[in-house]
Structures are given as C-alpha cells and as structure tokens.
Amino acid sequence: MREIQDKKNTTNTNAKACLTYAIGSGKGGTGKSFFTSNLAFNFSKHNLKTLIVDLDFEASNIHTYLEMPEQKYSLFDYLNGKMNNLKNIVQKTSYKNLSIITAQSCEYRNLTNSVKLNSALDVDLDIKKFFENIRSLGFDRVFFDLGPGSRPLAINSFLEADYKIAVTTAEPTSVENLHFFLKKTFSSYLNTLCKKHEFLNELISIQKKKDSLKLKNPSDFIKHLKNNCGDEGLKIALKLEAISPLFIINQCRTPMDFKLGQSLAQASRRYYSFNTSCLGHLSYDEKVWQSIRSMQPLLLSYPQSHVLNELDIIYKNLKYIEKNSNQAYALAS
Ligand SMILES: Nc1ncnc2c1ncn2[C@@H]1O[C@H](COP(=O)(O)OP(=O)(O)O)[C@@H](O)[C@H]1O
Ligand SMILES: [Mg+2]
C-alpha cells in the first residue's frame, strides 16, 4: 500500500468550497449506503456538483444503488499505486451533477486480492492527504460512505470530514454498536491530539488516577482537562467536544423510534460532551427496498414515498448547519 499522494493534485483551488460528509455507523445494514446515495442525489438535484466516495471495501455497493456496472478502476487501484490520478477513477453517473468513486472493482473479488485488501484496510493511511486530494477534484460536496465498525479507515475518515453523520436503527444492537463506534472515535482522537500536543505522559498519569479523580466517563475527563490541565488540556478538550456527530435514526417503525434521535443526542452530550444533535428520522418503508431493487434513487422510483419528505427535512437541516457552522444544537427537534 503506498502512502496516499498525488502530486498533480496537491494545489487546490476548489478545496475551500468543497464540504465533506462522512456517514458511519457501528454496524452493517443500518442504511448508510441507502441514505448516502439518496442524500447525495438530493444535493446534486440542487445544482451542487456532488461526489460519493465508497469507502466500504468489504461491501462496496454504491454503484449498484445508482444502477452502474461494476467499475474497471477503483479506489483500491489508486491506493495501491495502479492508478496515479484520482480524477481517472471518478465515474459519472447517469444523473446530472452526481459522480462516484467505487471502493473496489470486480478483479479484487478473487481470493489473493482479498488477502491484499484485508492488509490494506489495516494500514494507517494518510487520511489528511487523501481528503485534501479528494477536495481538490472540484466538487461542491463529497459524501464518504464508510464501512461498518471501528477500523482505522472508518474512524479516521469520520474524524477528518467536515460533517460527521452517524446512522443507526432503533434496535438495541445497532445503538450499542454505535456507542462502540463513538467511543473508539473519542479515544482515537484523544490519542492523536495528545501526541500532537506532547501530552501523552499527562494522559497516562490521569488515566492511572481516574478512580480517585472520579472520572467515570469521557465527559468527566473533558471537564478535568479543561479545569486542571492548563492551556494544552483546554485545547484538547475543546477539540474533543467539537467532534459533534449528527444522528440519523433509520427504519423507524414505532412512535418511540421517532423520539430516539433526541434522546441519543442528549445522552451523548452528557456522556461525551460532544456538541451533538439529531439530524432526523427515516421511517421504515417497503418502498425503500423496492427502490434498491430497481437500483434507482427513491425520488425516481417511488416519488410518493413519505421517506422523501424526511430526507428533505434532513437536507434542510444540513443546509442550516452548513450556513451556521457550530449551530447544530439549534436544530428544530
Ligand atoms: N428506511 C428504510 N426502510 C426500509 N428498508 C430499509 C430502509 N433503510 C434501509 N433499508 C434496508 O436495509 C438494507 C441495508 O441498507 P444499506 O444502506 O445497504 O445498509 P449499510 O450500508 O448500512 O450496510 C437495504 O437493502 C434495505 O433493504
Ligand atoms: Mg453500505
């Protein structure tokens, strides 16, 4: 696996205008790819040049959601140095303003290559450089559809994106795995920040004293950093608070499910001190899987589906957050 770099792409005139979204979850099957493809389609319909990057190397299927054949070249070819320029692996969809980069092409489905793939997934990629190169491609919005679970690629991409969307269903298993995902995100970012601020020794000594200091959860830890650890502690604490995941509850069936987003946001503010909020709920609707069978965005296959109204609310909430950065809290519930 080469270190990700594309010299031709390093000067970036469009990067500032490009906003990035990562869509993650603790578990597969929560609806990330359905949500990502339909949300991105929504942005593209509003005349924004939109790219979806499929980062689910083990179950890459954004191309299928948008009725595209399996691609000859993929992100995996780029990461392995087989393709040198990201531009050459961008594929236009048949929809105006919407392109994708697929995670892996058909030739990586054989056994030898899947071994290569597994080792590639665990390598610590230079995510900052990768995002910088993606931002320089000239798109207005980029959506990263992450693989499930807490592998470094998913966690680091989640942390690097401008907006971090966490998708869960209302099932306890899905919520539980989301909690693991957020815990891993917190601890991974904490380690990175402590390395950067030369704070690792202090971190170890705080961890040793955590019982006597009564640090029961990440939020207590953040308070301690703010109040007792000088300027460096304060800087680290503020960055941790700014992780700000935005929750989507998908496949809602009962009235209780439609309340889960607010409770989750509140609980994670208390437990992690994240400035988090609920972005919206999506109903369980048979039309969703039917639209996936037709390999088309829901808007085209089932324009009457009420999930479209819910997607539209989420789109508007995101536009509000984009305009009023750091005001996610203020979202109407
Ligand atoms: N809102 C929904 N209503 C009904 N079924 C849904 C909904 N969202 C997702 N699904 C079902 O869940 C399956 C998995 O969704 P997908 O987006 O591929 O999950 P992930 O990318 O998180 O693994 C879909 O194939 C679809 O059948
Ligand atoms: Mg998926």
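Where in the chain is Phe-139 found? In this predicted model, Phe-139 is found in the loop between helix H5 (127-135) and strand E5 (141-146). Because 26 C-beta neighbours lie inside 10 Å, Phe-139 counts as buried. Apart from neighbours within four places in sequence, the residues in contact with Phe-139 are Cys-18, Lys-49, Thr-50 and Leu-51. One of these pairs joins separate parts of the sequence: Phe-139 and Thr-50 are 89 residues apart along the chain, yet their C-alpha atoms are 5.7 Å apart in space.

The chain as a whole contains 14 helices and eight strands. Of its 333 residues, 41% are buried. When contacts between residues at least 6 apart in sequence are considered, 75% of them join residues at least 24 apart.

In soluble globular proteins, nonpolar side chains tend to be buried together. In the present model, the largest nonpolar core comprises 80 residues. Ile-23, Phe-144, Ile-165, Phe-247 and Ile-248 are the residues with the most contacts inside this core. Among the structural elements, H1 gives the most to the core, with six residues. The surroundings of Ile-165 can be described in detail: leaving aside neighbours within four places in sequence, Ile-165 is in contact with Tyr-21, Ala-22, Ile-23, Leu-246, Ile-248 and Leu-279.

Two packed helices are described by the angle between their axes and the distance between the axes. For helix H1 (residues 32-45) and helix H14 (residues 307-323), the axes come within 10 Å and cross at roughly 65°. This crossing of H1 and H14 is right-handed. Asn-38, Leu-39 and Asn-42 form the H1 side of the contact, and Leu-311, Ile-314 and Tyr-315 form the H14 side. By class, four nonpolar and two polar residues take part in the contact of H1 with H14, and no charged residues do.

A second helix pair consists of H9 (residues 218-228) and H10 (residues 230-241), which pack at an angle of about 145° with their axes 7 Å apart. The crossing of H9 and H10 is left-handed. The contact is made by Ile-222, Leu-225, Lys-226 and Asn-228 of H9, together with Gly-233, Leu-234, Ile-236, Ala-237, Leu-240 and Glu-241 of H10. The residues in the contact of H9 with H10 are, by class, six nonpolar, two polar and two charged.

Helix H9 also holds Asp-220. With 15 other C-beta atoms within 10 Å, a count that falls between the limits of 12 or fewer for exposed and 20 or more for buried residues, Asp-220 is therefore partly exposed. Once neighbours within four places in sequence are set aside, Asp-220 is in contact with Lys-214 and Leu-215. Asp-220 and Arg-270 are 50 residues apart in sequence, and the distance between their C-alpha atoms is 9.4 Å.

The model also includes ligand 1, which has 17 residues around it. Of these, Gly-31, Lys-32, Ser-33, Phe-34 and Trp-289 come nearest. Two or more residues of the shell are given by each of H1, strand E7 (246-252) and helix H12 (286-293). By class, the shell around ligand 1 has seven nonpolar, eight polar and two charged residues. Helix H1 thus recurs in this description: H1 contributes to the shell around ligand 1, gives six residues to the largest nonpolar core, and crosses H14.

Notes
Residues are numbered from 1 along each chain as its sequence is written. Chains are lettered from A and ligands numbered from 1 in the order in which they are written. This is a predicted model: local features need pLDDT of at least 70, side-chain atom pairs count only at pLDDT 80 or more; totals for chains, interfaces and linings use all residues. Helices (H or I, at least four residues) and strands (E, at least two) are DSSP runs, numbered from the N terminus. Two residues are in contact if their C-beta atoms, placed from the backbone, lie within 7 Å. Axes are lines fitted to C-alpha atoms, for helices over the stretch in contact, and angles run from 0 to 180 degrees between N-to-C directions. A crossing is left-handed if the near helix is turned anticlockwise from the far one by less than a right angle, and right-handed if clockwise. Ala, Val, Leu, Ile, Met, Phe, Trp, Tyr, Cys and Pro count as nonpolar, Asp, Glu, Lys and Arg as charged, and the others, Gly among them, as polar. A residue is near a molecule or strand if its C-beta atom, placed from the backbone, lies within 6 Å of it. A nonpolar core is a set of buried Ala, Val, Leu, Ile, Met, Phe, Trp, Tyr and Cys residues joined through C-beta atoms within 7 Å.
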